[in-house]
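Trainee: Please take one part of this model and go through it closely with me: the pairing of charged side chains. I would also like to see how that part sits within the whole.

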Amino acid sequence: MTEPNFGEQGGRLTYGTYLRVADLLEQQVPESDPAAHDELLFITIHQAYELWFKLLLWELTDARNRMLAGESYLPRVRLERCRSVERVLIGQVDVIDTMTPQDFLVFRNKLAPASGFQSSQFREIEFLSGLKDPSYLSRFRGLSDAERTNLQRRLDEPSLWDGFLTVLAKAGFAVGTAEERFDAYRRIAGDRERYGQLWDLAEALVDHDQSWSLWRARHVLMAERQIGTKPGTGGSVGGAYLRSRVELRFYPELWELRGRL
Ligand code: HEM
């Protein structure tokens, strides 16, 4: 009997069948006719973002669950992976910046009212991270039933911040009031030999928060580079709306701590 060739053991899966490559490559369907050259780029980059968002939700949910169970080591490991993914998300803006505004205009009018504003995975990440805004559900009327259910679940369930406070409580810190929490953060910051794992976990949350804000800042520039001061396809005023979101923070107390040390 001959040995199977390398990679053919079992003979059940191929690269293409395991990764569903044929299905994946059928999902880029431009609206423009005749085809606008840059529309494939536009669709591909948004789909790539959605895949990464899916992975982020997977990792962040696990980090949250483990923190709720009192763990601090693996949640930090998960958050570090998220930071690496988020760097990719920020760097990926370079690719869309290669599109010129006049090439975007060839197909932009086909997109309204579709907009990144309607990315429910993006909003799920925000809710899970701790930035819960129930009014989003009423502002976005085109949500599918599945999207609405997922978002409502994220609003109802504990956030990463709730998980972090659970870890602190299990480590013996009082976390009921803001002053008690700041006292806990200061003690952790001041004794890293003893509380290093908690400090690193807090810093991993700050990294996640910072990365999200950096993405928002790059997204404003990306949008303004394409559409200047025009309104967005989703109906907002555009750049000014996006700029107002850059200063949002998931964990304001961990930022305020800096000024209190
Ligand atoms: C040509 C490139 C892009 C332009 C001109 C643009 C423009 C805009 C504008 C004007 C908004 C505000 C809502 C509206 O009125 O539509 C928005 C929101 C948003 N966009 Fe983009 N965008 C671009 C690319 C992307 C990409 C590649 C992503 C990746 C997923 C993305 C994700 C988002 C998200 C998540 C929001 C909601 C932000 C929030 O509400 O805080 N955008 N975009």
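Trainee: To start from the outside, what does the accessible surface of the chain come to, and what percentage of this surface belongs to carbon and sulfur atoms?

Mentor: The accessible surface of the chain comes to about 15,000 Å² (Shrake-Rupley, 1.4 Å probe), and 55% of this surface belongs to carbon and sulfur atoms. This is a predicted model, in which local features need pLDDT of at least 70 and side-chain atom pairs pLDDT 80 or more, while totals for chains, interfaces and linings use all residues. Residues are numbered from 1 along each chain, and side-chain values use heavy atoms, without hydrogens and water.

The chain has 14 helices and 0 strands (DSSP runs of at least four and at least two residues, respectively). Of its 261 residues, 39% count as buried (under 20% relative accessible area; exposed is over 50%, partly exposed in between). The mean positions of its 34 positive charges (Lys and Arg) and 38 negative charges (Asp and Glu) are 3 Å apart.

Turning to the pairs themselves, the structure holds 22 salt bridges (a side-chain nitrogen of Lys or Arg within 4 Å of a carboxyl oxygen of Asp or Glu). One of them joins arginine 78 to aspartate 62, with the closest N and O atoms 2.7 Å apart. This pair links distant parts of the chain, since arginine 78 belongs to helix 4 (residues 73-91) and aspartate 62 to helix 3 (residues 39-68), 16 residues apart. Arginine 78 is buried at 18% relative accessible area, whereas aspartate 62 is partly exposed at 22%.

Another salt bridge, 3.1 Å from N to O, brings together aspartate 97 and arginine 218. Aspartate 97 lies in the loop between helix 5 (93-96) and helix 6 (101-108) and arginine 218 in helix 12, so this pair ties together parts that are 121 residues apart in sequence. Here aspartate 97 is buried at 14% relative accessibility, while arginine 218 is partly exposed at 25%. Helix 12 (residues 192-227) also contains histidine 219, whose NE2 atom, 2.1 Å away, is the single protein donor to the iron atom of the ligand (donors are N, O and S atoms within 2.8 Å of the metal, or 3.2 Å for Na, K and Ca).

Arginine 123 and glutamate 126 form a salt bridge of 3.2 Å inside helix 7 (residues 120-129), where they stand 3 residues apart, about one turn of the helix. Arginine 123 is buried at 5% relative accessibility, and glutamate 126 is buried at 1%. Finally, Arg64, Glu124, Arg153, Arg154 and Glu157 are joined in a network of salt bridges.

Note on methods: Buried < 20%, exposed > 50% of the residue type's maximum accessible area, 1.4 Å probe, protein only. Charge placed at Lys NZ, Arg CZ, Asp CG, Glu CD.
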